[in-house]
Amino acid sequence: MRVTTTVNGTERTADDVWPGESLLFLLRERLGLPGAKNACEQGECGSCTVYLDGEPVCACLVAAGQATGREVTTVEGLAEGGRLHPVQEAFVEAGAVQCGFCTPGLVVMASDLLERVPEPSDPEIREALAGNLCRCTGYEKILDAVRLAAARQAAR
Amino acid sequence: MTTTEATARQTGRIGESAQRPDGTLKVTGEYAYASDLWHDDMVWGVTLRSPHPSARIRRIDVAEALTVPGVTAVLTADDVPGENAYGLEHADSPVLAADVVRYVGEPVALVAADHPETARRAAARIRVDYEVLPALTDPRRALDDDAPRVHPGGNLVRHQRLRRGDPDPTAPVVVSLDFCVGMQDQAFLGPESGLAVPAEDGGVDLYVATQWLHIDQRQVCLALGMPPEKVRLTLAGVGGAFGGREDLSVHVHACLLALRTGRPVKMSYGREESFYGHVHRHPATMTYEFGAERDGTLVYARAHVLLDGGAYASSTAAVVGNAGLLGLGPYRIPSVAVDAYGVFTNNPPCGAMRGFGCVQAAFAHEALMDELADAVGVDPVEIRRRNGLREGERTITGQAVDSPAPVAELLQRVADLPLPPPADTADIRSLPGAVGNTTHGEGVRRGVGYAVTMKNVGFSEGFDDYSTARVRLQVTGGEAVASVHTAAAEVGQGLVTVQQQIARTELGVERVVVVPADTTVGSAGSTSASRQTYVTGGAVQAACGAVRTAVLQRAAVALGLSPAALRLDGDKVVGSSGEVLADLAEVLGGDAVEETVEWRHRPTHAVDPETGQGDAHVQFAFSAHRAVVDVDVELGLVKVVALDTAQDVGKAINPDAVVGQIHGGSAQGMGLALMEEVVVTDGHVRNPSFTDYLLPTVLDVPPMRVEVLEYADPHAPYGVRGVGEPPTISSGPAVAAAVRAATGRPLRRVPIRPEHITGT
Amino acid sequence: MDFLQPSSWDDALAARAERPDALPIAGGTDVMVELNFDRRRPGALLDLTRVPELREWTLADGVVRLGAGVPYARVIGELGDRLPGLAMAARTVGSPQIRARGTVGGNLGSASPAGDAHPPLLAAGAQVELVSAARGARRVPVADFFAGVKRSVLEPDELIAAVLVPEAAGPQQYCKVGTRNAMVIAVSAFALALHPDRQEVGTGIGSAAPTPRRAPEAGQFLAGELNWAARTPLPETLAAEFGRRVADAASPIDDVRGSAAYRRHSLAVMARRAATWAWDDLRRAA
């Protein structure tokens with residue numbers, strides 16, 4: 001089947017999509033956007049988090065066809081004009097990236113949190129990021145990064 | 001220690017927290033992990049695996065699978081052109097099972113097709129006629145005479161004996177216990193993946209996520225029956241490893257399919273297949289006994305350790321070595337008797353995982369240390385301080401510890417950290433059970449626990465442990481640029497950053513490019529055993545030194561000065577008092593200066609097979625943990641409140657990255673203590689998913705303070721000490737001790753499940 | 001496999017009737033896992049996310065009619081005051097990403113004994129509205145909806161339209177045990193709803209029987225013992241006896257997530273605590 005969806009502001013079409021395919025597969029293997037990651041494909045790790053019509057979702061749990069006519073924003077679409085999103089910048093600076101496989105999902109999720117809650121408490125950050133597993137960092141520097149991005153946002 | 005400087009640092013020499021060169025690519029989604037690879041005209045490979053723990057293959061019929069439209073190849077053992085065997089220490093694993101299968105998940109056949117779903121449907125049509133055989137799934141039965149033989153040579157992989165001191169010691173205080181450790185999974189987030197591209201010369205180029213390109217290459221060549229020049233490996237982006245990528249996964253399979261189809265082949269496991277596609281941490285059954293004076297000073301120790309190696313050898317023998325030779329912790333013990341066994345069963349194969357044999361043993365010796373503290377009436381910190389190894393003393397293998405061994409100080413450091421405040425009962429997120437809303441403070445008891453460890457760094461027991469670095473200095477765009485080329489696998493730990501920092505330091509240049517790791521340069525050894533900063537760091541340092549010598553020689557000739565009077569700094573050649581004598585770019589001109597160095601640490605030695613005595617290790621690394629937990633003792637739910645570490649790293653090449661390693665390692669140890677277990681029943685994995693194999697979330701891992709000590713090891717480059725593994729070893733036992741302290745229960749098994757705490 | 005994407009409720013019902021081999025999909029949080037893990041290959045997917053009627057909730061006569069396609073995030077954000085037990089349960093579902101997509105209708109459709117929405121719906125006395133093109137709508141008490149492990153009374157030509165949940169008349173609680181502090185499938189779960197208006201205690205048990213179920217005898221026992229008029233403190237012995245009776249109502253199994261004995265034990269503890277919290281809330285409200 002054919003799927004047409006808007007990804008990072010551009011309308012994209014893919015043909016011969018198997019109806020059982022996920023949005024994640026569509027993005028990664030058909031649209032050349034492998035930023036969302038394939039770590040568990042069961043909604044348990046958050047590595048594939050993308051915005052779907054403005055809401056963060058696990059792309060592995062969205063059937064490709066369900067994205068028809070919707071707006072998808074992936075981690076590749078966060079930086080604007082060659083400038084990193086403040087959350088991306090903070091992740092690099094805070095040392096929140098090790099292997100980095102969880103990073104794209106966390107960056108999307110953290111950016112969503114800061115849009116909704118500009119100055120989150122630590123428990124709020126933890127509850128918001130509880131669906132994003134990281135195996136390398138023990139989360140400490142990820143929390144540092146979110147705090148850093150929030151502080152910079154507040155200072156602006 | 002977790003504060004972060006807010007300024008961007010694209011530079012940085014050793015000792016500075018330089019930023020990762022791949023950080024921006026990773027936060028933007030552009031970093032190419034193995035599963036992101038894509039090639040025009042590629043097909044997808046999938047694996048058909050055994051559903052039985054033990055069976056004879058009578059017949060495999062692939063005819064129906066071949067008729068599925070879109071299928072380009074179906075392969076079985078008959079299609080393996082070289083030796084149908086691979087393995088890290090013993091080539092005992094079939095590339096594809098030929099006559100028998102020995103565990104659930106063993107690869108039996110391969111399919112390539114134009115879409116993964118096509119390949120899966122075709123794989124489902126392969127008919128394998130199995131004769132199910134009796135399976136050996138209880139490792140405690142493995143050495144019985146009447147146990148089924150997993151391999152013709154019997155079920156023993158290795159027995160490591162260790163005998164020291166009085167063969168028949170007695171002591172006024174004797175404590176003992178049995179302890180079991182469940183099977184842990186590395187659970188790296190990036191699943192096993194690779195892309196094999198057939199080459200015009202009849203060979204193949206393999207892009208794959210791994211920990212050691214050259215040992216992979218050797219095994220792939222053997223299976224393909226090809227020389228190394230025809231099988232070229234390049235490291236694809238690695239999404240974590242933790243030991244689970246030491247053994248082959250997709251490597252040979254993807255190459256076989258690529259060579260058969262003549263097309264690029266991508267293989268990428270899903271999470272369930274990943275649980276079958278790599279080895280796990282060995283489950284352990286242990287019996288320990290300590291004899292001590294009335295003041296708690298250890299007199300003797302006895303230990304019996306049984307590790308379930310599963311169906312194939314992998315690195316079981318080396319893990320047994322560690323469990324035996326390091327299985328009594330960082331303590332001074334005059335008389336010792338240890339027997340460590342690794343056995344074959346029809347369970348999933350076990351092998352390397354961060355901590356490598358020390359993790360299992362530490363749960364037992366640290367629990368027993370607390371028993372001893374209780375028995376003699378001293379606190380857990382004091383009992384460990386009293387018995388802790390010191391520099392100049394000998395380990396249980398008789399090896400002299402010839403660099404700092406600050407066991408007592410590490411314990412004191414964590415003990416001196418402030419304790420966290422009581423739980424905030426107004427916010428359920430800070431209580432055991434969190435938003436599960438199972439307590440508002442009812443039944444919650446606090447406990448504190450301590451543990452300490454000693455881990456060998458690098459490969460031990462006489463292994464030729466080396467790394468190769470090629471460093472090149474040349475002018476690009478008017479600037480001197482160093483490029484560092486090694487085959488060392490960056491798996492997330494930050495070795496690429498360390499390589500840049502060393503080159504900047506040694507060559508006085510700002511711009512350093514780390515060339516992608518591949519097999520066109522010599523082996524770097526494995527990214528494991530906490531060894532890469534030491535060994536590949538040493539190789540890069542040495543290669544930079546050789547380049548510097550050559551460059552200074554050129555400068556000396558040009559300047560008419562002695563090379564001994566010259567240094568490289570700030571992209572300049574400077575004199576002994578720092579005066580600028582020449583631009584480095586001018587000295588280089590159009591030439592490139594390149595040196596390749598194969599670098600070895602000082603040799604280690606095999607131990608005596610009867611007594612386990614010998615200088616087996618090149619270096620020891622030490623860490624101590626203090627865990628603070630709140631336990632809902634009625635429901636058996638645990639909230640770790642604090643998990644603080646003190647660790648001696650010798651020299652922190654990159655302080656932020658060091659702390660990041662310690663955080664991550666601590667979280668993995670905590671996971672094993674509380675929730676992570678591959679549950680295997682009758683040879684079948686019952687929870688091959690992230691729904692039921694539970695990794696700690698950000699609501700489980702507490703704030704972690706880290707005290708980094710830097711007592712240089714005089715034998716190591718820059719004085720570094722391996723960092724990655726110790727925190728994974730001492731954190732879990734500290735958490736378990738804290739839960740015991742909170743509950744008053746003995747808790748002799750990890751992961752500790754709620755029902756162990758409640759007794760239901 | 002086909003992909004059916006109706007944009008109205010009538011079209012969805014027609015598609016359902018025509019294609020008994022179609023698998024309805026809403027948030028995808030169960031269905032996509034089954035597809036990704038190669039557990040299920042239905043003849044078609046019936047995407048319900050384009051049916052506007054399913055994404056609404058309305059209030060009439062003290063009953064919330066919750067469209068089957070309303071995601072958990074909205075239950076938490078919009079219905080926390082009216083349906084506190086369901087909102088508490090919704091907060092424990094997976095992660096924020098899952099709660100943005102997963103729906104109560106989908107939870108009922110999967111009919112897992114571990115579904116988080118089920119215990120509070122049982123405790124509240126909710127009804128499920130099932131509709132087929134041929135026979136129209138019928139309402140089934142949620143207690144009668146589950147037919148076995150992952151089975152319900154939903155007919156092959158029916159879709160779940162909505163769940164009807166009475167507004168809370170008194171305090172509600174939801175407790176869920178899992179072996180980590182977030183993102184976990186219930187090892188056991190318990191929901192309690194006090195109905196001071198009719199002096200009843202509603203209960204719901206999760207993950208401790210082949211289906212989600214109530215503990216009616218325990219509820220009647222507690223309702224009979226409570227001093228509804230004076231609202232005197234709940235004696236600990238009474239709360240504990242209630243807990244024991246809730247545990248007795250379960251018929252759990254041993255599995256990879258927990259033992260049967262632990263499930264019973266934890267239910268007793270959760271029921272005792274939940275009853276105490278809810279009763280204390282009621283006393284404070286007086």
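These entries record what I looked up on two interfaces of chain C, one within the chain and one with chain B.

**Entry 1: domains of chain C**

I worked throughout with a predicted model. I took the domain assignment of chain C, which gives domain 1 as residues 50-166 and domain 2 as residues 172-285. I then looked up the separation of the C-alpha centres of these two domains of chain C and noted 21 Å.

**Entry 2: the interface between the domains**

I looked up the contacts next and found 25 residues of domain 1 of chain C in contact with 24 residues of domain 2 of chain C. For the area buried between these domains I recorded about 1,700 Å², with carbon and sulfur atoms giving 66% of it.

Which residues form a salt bridge with the closest N and O atoms 3.1 Å apart? I noted the pair C:Asp116 and C:Lys176. The rule finds one salt bridge across this interface of domain 1 and domain 2 of chain C. Across the same two domains I also recorded seven residue pairs in polar contact, both residues being at pLDDT 80 or more.

I then turned to the elements on the side of domain 1 of chain C that touches domain 2. Those giving two or more residues are α4 (84-91), α7 (118-124) and β8 (146-148) of chain C. Of the elements, α7(C) gives the most to this side, with six residues. By class, I entered 17 nonpolar residues, seven polar and one charged for this side of domain 1 of chain C.

**Entry 3: the interface with chain B**

I moved to the contacts between chains and found that 34 residues of chain C are in contact with 44 residues of chain B. The two chains bury about 3,100 Å² between them, and 51% of this lies on carbon and sulfur atoms.

How many salt bridges does the rule find across the interface of chain C and chain B? I recorded seven. Among the salt bridges I looked up is that of C:Asp38 with B:Arg121, whose closest N and O atoms are 3.1 Å apart. For polar contacts between chain C and chain B I noted 23 residue pairs, both residues at pLDDT 80 or more.

On the side of chain C that touches chain B, I found that α4, β11 (172-177) and α11 (260-285) of chain C each supply at least two residues. The largest share of this side comes from α11(C), with nine residues. I closed the entry with the classes on this side of chain C, namely 15 nonpolar, nine polar and 10 charged residues.

Notes. Residues numbered from 1 in each chain as written. Chains lettered and ligands numbered in written order. Predicted model: local features only at pLDDT ≥ 70, side-chain atom pairs only at ≥ 80, totals over all residues. Heavy atoms only, no water. Domains from an automatic or database assignment. Contact = heavy atoms within 4.5 Å. Buried area = accessible area lost by both parts, 1.4 Å probe. Salt bridge = Lys/Arg side-chain N within 4 Å of Asp/Glu carboxyl O. Polar contact = N/O pair within 3.5 Å; in protein donor to acceptor, adjacent residues only side chain to side chain. Helix = DSSP H or I, 4+ residues; strand = E, 2+ residues; numbered from the N terminus. Nonpolar A, V, L, I, M, F, W, Y, C, P; charged D, E, K, R; others polar.
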